[in-house]
Each structure stands twice: as C-alpha cells, then as structure tokens.
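Let's take a friendly walk through this model. Please have the sequence and the 3D view open side by side as you read.

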Amino acid sequence: MVDRTESTATTTVLYVIVVVVAVLIGTVLAPVVWSATQASSGDSGDPTVSVITLRAGTDAGPVNDIKEDLRQARTNESVEGVVLRIDSPGGAVASSEEFYLAVNRTAAQMPVVAYVEGTAASGGYFGIAPADRIFVKPSSTVGSIGVIVSAPLSTVERSEAQSKTYLRTGPDKATTEKDQLREQMETLHNAFVDTIVKHRGANLTMNRSGVAHGEAYIGPTALRNGFADEMGDLNSAIAEAAARADGIDGDQYNVEYNQPVSPSGGTIVLSEDPARVDGNIVYVEGSDDGGTEFQQPYEFHAVWGVPVTEDAREVTNESE
C-alpha cells in the first residue's frame, strides 16, 4: 500500500524543483526576450525611413531639437532615408542657417525628402532647400525668400546720442546706422538667394531676381515655378525617400516617426516662474542686483511676416 504522506511530499519536492527551474530559465531568457522586443520596435537593424516633424518657427529651441533628430538619423545605421515634415514660417536668420546646415549635412549622407504639411516659408524654406525632392499640397505655402531686420528705433535714430554715452575703443564700436543695417541685410539676403539658386536652380523657371522678390507661393504655383517638385502627401514623401535609398529594396522597410517638434521646443531653465510666456519667448522679471544689462542692438529674421512691436516702423531702402 502506498504511503500518501510520502507521495505528497515527493510531489511537493518535484513541484518546487519545477518552479525553481522555471525561475532560472526565466532569469536567463528575460534579457534575450526584452532585447528582441526592443529590436522589433525600431532597433531591429531593418532599413528604416525616419520621419522628422517641425511644426514651429526656425528659432533656436525648435531648431536645436531638429538638429538632434537629424544627428540621430545620421548615426543610426538602420536609417536609410529621412522625410522632413514641415509647417514653419521661418524665424531668426542665425538659427535658420543652423537648420539648413543640419539638413544639408544629412542630405550628403542619405536621401532627404521634404513634405510641406502647411508652410515652409522664409527660414523654413531655407532649411529644406537641400532636400532631394519637395512635396506640397494644393494649400501648402512655400517661398518668401528674404530678410527682415528688427531694431529699436533708438538704435537707428539716436546713434549719435549713443556715441556720447560710453567710452569706446573705436568710432564704430556699439554704434549702428541705417546704411550699415541695409548693407548687412543685403549681404544676408544675397546669401539666402544664392542658397536657393544653388539647390533649386535646375528646377526654377524664374531668374535670380524673381527668387529675390520674396513672394510666397501656394502648392500649384510652386510646382510651376520650381519651388516644389511634386503634389502629394506624407506617404508619397515616405515612398520617395525609400525609393531613393540604396539600402531599401521595394517595400521592405520600417517607418519611424519622431516626436514632432512644436513651438515649445528647447529647454529653458528658470530659477523662478516666468512672468509671461508668448510662444517661444519667455519673459522674466528683471533682477534688482544692480548689474548692467546690454540689449542686442538689432536682429535679423528670415520669417514670413513682420515682427510686431509697440514702436515698430517700416524702414525701406528708399526712406531716409
């Protein structure tokens, strides 16, 4: 007769052994399973088209985020092409140039296709100029090639008074005149136009002066004058990037969507709460530490529109 107590004890021991073995197997295989899961979510090494989205102006914060997205695309061996999905009216000239340089560097390594979701104007269009192909919709707006300078009226109207406020090492130190601003603005404008002609020259149906005129064009017009290449949507742009990529065969590729860059792009660390936030601009209360503050005398913008300030006034080349 079988001793039930002994049988139960044997069963319990076997059960414990099975559980222990299962735990050990799980411990050994868990990293492998986790790694395989991570690979299937975008790190598998399969050829990939990376979609990078800019829905903001080309100011420093958003552009820094886009530059990082493009850097990651260039350094990721699985990424074979990039689609730039853009809706941007432009922004400061300095950061717009940074945007352009990052796109140009990426286009030298892999296909870059631009899709104008809404607007790619001024600095926004400057940035996508190196793209191998530009897709638009009928409602898309592109162009507006030009530069705007913004400066406090005191900068250009009280230059003589400024020269009597501080001792300087030279007569031109920290002074600004209208003619100087016009000359610098013209230099930046020519560089902007040269860049567009360099990258789009074979497609443009207008001469250099036509490009420099600064007009913005909707999709169908942009196709006719060469500011854009094809009518299509995001999927059309993705398919074009994949077709141009050497490492992609047919439809055998993944599509990776990066987190869209919005006007809140960029990180600003404040020691206290801001007094007011307006888009990319954060206003803080001035400190009372008695230190001297210096204001940048003027700023250049490549933007579709006119900066609005309380004392704004248009200064053209004809005005005195």
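How many salt bridges does the count come to? The count comes to seven salt bridges, and three of them are described further down. Keep in mind throughout that this is a predicted model.

## Overall picture

The protein contains 10 helices and 13 strands. Of its 320 residues, 35% are buried. Its accessible surface is about 19,000 Å², and carbon and sulfur atoms hold 52% of that area.

The contacts also tell us something about how the chain is arranged. Among contacts with a separation of 6 or more, 74% join residues that are 24 or more positions apart.

## The cores

The largest nonpolar core is built from 46 residues, and Ile128, Ile134 and Phe227 have the most contacts inside it. This core lies between domain 1 (45–144 + 215–285) and domain 2 (146–194), because both domains give residues to it.

Take isoleucine 128 as a way in. Beyond its neighbours within four places in sequence, isoleucine 128 is in contact with Leu84, Ile86, Phe99, Ala114, Val116, Ala120 and Ile134. Another core lies apart from the largest one and has 13 residues, including Val49, Val51, Tyr115 and Leu234.

## Helix α2 and its partners

Helix α2 covers residues 60–75, which makes 16 residues. From first C-alpha to last, helix α2 reaches 22 Å, close to the 22 Å expected at 1.5 Å a residue. Its buried residues are Gly61, Pro62, Val63, Ile66, Asp69, Leu70, Ala73 and Arg74. As a reminder, residues three or four places apart in an α-helix point the same way, because there are 3.6 residues a turn. The buried residues of α2 pack against β1 (48–54), β2 (79–88) and α3 (93–107).

Helix α2 also takes part in a salt bridge: the side chain of lysine 67 meets that of glutamate 98 at 3.0 Å, N to O. This pair links distant parts of the chain, with lysine 67 in helix α2 and glutamate 98 in helix α3, 31 residues apart. Lysine 67 is partly exposed, at a relative accessible area of 27%, and glutamate 98 is likewise partly exposed, at 36%.

## A bridge from β4

Glutamate 117 and arginine 55 form another salt bridge, in which the closest N and O atoms are 2.7 Å apart. Glutamate 117 sits in strand β4 (residues 112–121) and arginine 55 in the loop between β1 and α2, so the pair ties together parts that are 62 residues apart in sequence. Arginine 55 counts as partly exposed, with 32% relative accessibility.

## Where α7 meets α8

Aspartate 194 and arginine 208 meet through their side chains in a salt bridge of 2.5 Å, N to O. Since aspartate 194 belongs to helix α7 (residues 178–200) and arginine 208 to helix α8 (residues 208–212), the pair ties together parts that are 14 residues apart in sequence. Both count as partly exposed: aspartate 194 at 42% relative accessibility and arginine 208 at 36%.

Now look at valine 193. Is valine 193 buried or exposed? Valine 193 is buried, with a relative accessible area of 1%, and lies in helix α7. Leaving out neighbours within four places in sequence, valine 193 is in contact with Ile145, Arg208, Val211 and Ala212. The C-alpha atoms of valine 193 and alanine 212 are separated by 6.0 Å, although the two residues are 19 residues apart along the chain. Arginine 208 therefore appears twice in this region, as the salt-bridge partner of aspartate 194 and as a contact of valine 193.

Technical notes. Residues numbered from 1 in each chain as written. Predicted model: local features only at pLDDT ≥ 70, side-chain atom pairs only at ≥ 80, totals over all residues. Heavy atoms only, no water. Helix = DSSP H or I, 4+ residues; strand = E, 2+ residues; numbered from the N terminus. Buried < 20%, exposed > 50% of the residue type's maximum accessible area, 1.4 Å probe, protein only. Contact = heavy atoms within 4.5 Å. Areas by Shrake-Rupley, 256 points an atom, 1.4 Å probe, with all protein chains shown as cover. Expected span 1.5 Å × (residues − 1). Core = buried A, V, L, I, M, F, W, Y, C linked by side-chain atoms within 4.5 Å. Domains from an automatic or database assignment. Salt bridge = Lys/Arg side-chain N within 4 Å of Asp/Glu carboxyl O.
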